[in-house]
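Hello,

Here is the structure I promised to pass on. My notes follow it.

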Amino acid sequence: MTLHANAGSADPSATTPARIHADRAAGLLEIEWQDGHRTTYAALELRWLCPCAYCRGEAGLPGWLDTAPTLTADQTRLVDVHLVGSYAIAPSWGDGHHSGFYPFSLLRDRCGCATCTASREVRS
Ligand SMILES: [Zn+2]
Ligand SMILES: [Zn+2]
């Protein structure tokens, strides 16, 4: 499945996907950004990043992921990915979880490629 996200938008190209591809068989999410950069997330990495209130907690309370749960195969099985407006994607997981809206800026910020990892180390 391939989603084509707002190509031609005036948003900064670094946080605007040109193409989003969910490879469900391989359990990978690939994002090609308008500046030409590519980001690949394994489903497991993506599941751990879930920004929803249930996983992350809210109002100072810890979320489910903060309890360091052992994720089941269903919980890390990428079933579907939907675009949310022009700013985020919402993956659906094998356990039915689909409330996490991942903003493009988060997905770009957490890019795990060698280049981005190196530049994060310089910053911190
Ligand atoms: Zn969540
Ligand atoms: Zn990167």
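The notes below cover one residue, its sheet and the core.

This is a predicted model, in which local features need pLDDT of at least 70 and side-chain atom pairs count only at pLDDT 80 or more, while totals for chains, interfaces and linings use all residues. Residues are numbered from 1 along each chain as its sequence is written, and chains are lettered from A and ligands numbered from 1 in the order in which they are written.

W93 lies in strand β6, residues 88-93 (strands are DSSP runs of E, at least two residues; helices are runs of H or I, at least four; both are numbered from the N terminus). W93 has 22 other C-beta atoms within 10 Å, so it is buried (20 or more; C-beta atoms are placed from the backbone). Leaving out residues up to four places away in sequence, W93 touches R47, Q75, R77, L78, V79 and H98 (contact means C-beta atoms, placed from the backbone, within 7 Å).

An open sheet is formed by three strands in the order β5-β6-β7, with antiparallel pairing (at least two DSSP bridges between two strands). β5 (78-84) and β7 (102-103) each have a single partner strand and stand at the edges, so one side of each lacks a neighbour in the sheet. Six bridges join β5 and β6; D80 has S92 in β6 as its bridge partner.

The largest nonpolar core (buried Ala, Val, Leu, Ile, Met, Phe, Trp, Tyr and Cys joined through C-beta atoms within 7 Å) has 15 residues, and L29, I31, L78 and V81 have the most contacts inside it. β3 gives the most to this core, three residues.

Regards

Technical notes
A residue is buried if 20 or more other C-beta atoms lie within 10 Å of its own, exposed if 12 or fewer, and partly exposed in between; C-beta atoms are placed from the backbone. Two residues are in contact if their C-beta atoms, placed from the backbone, lie within 7 Å.
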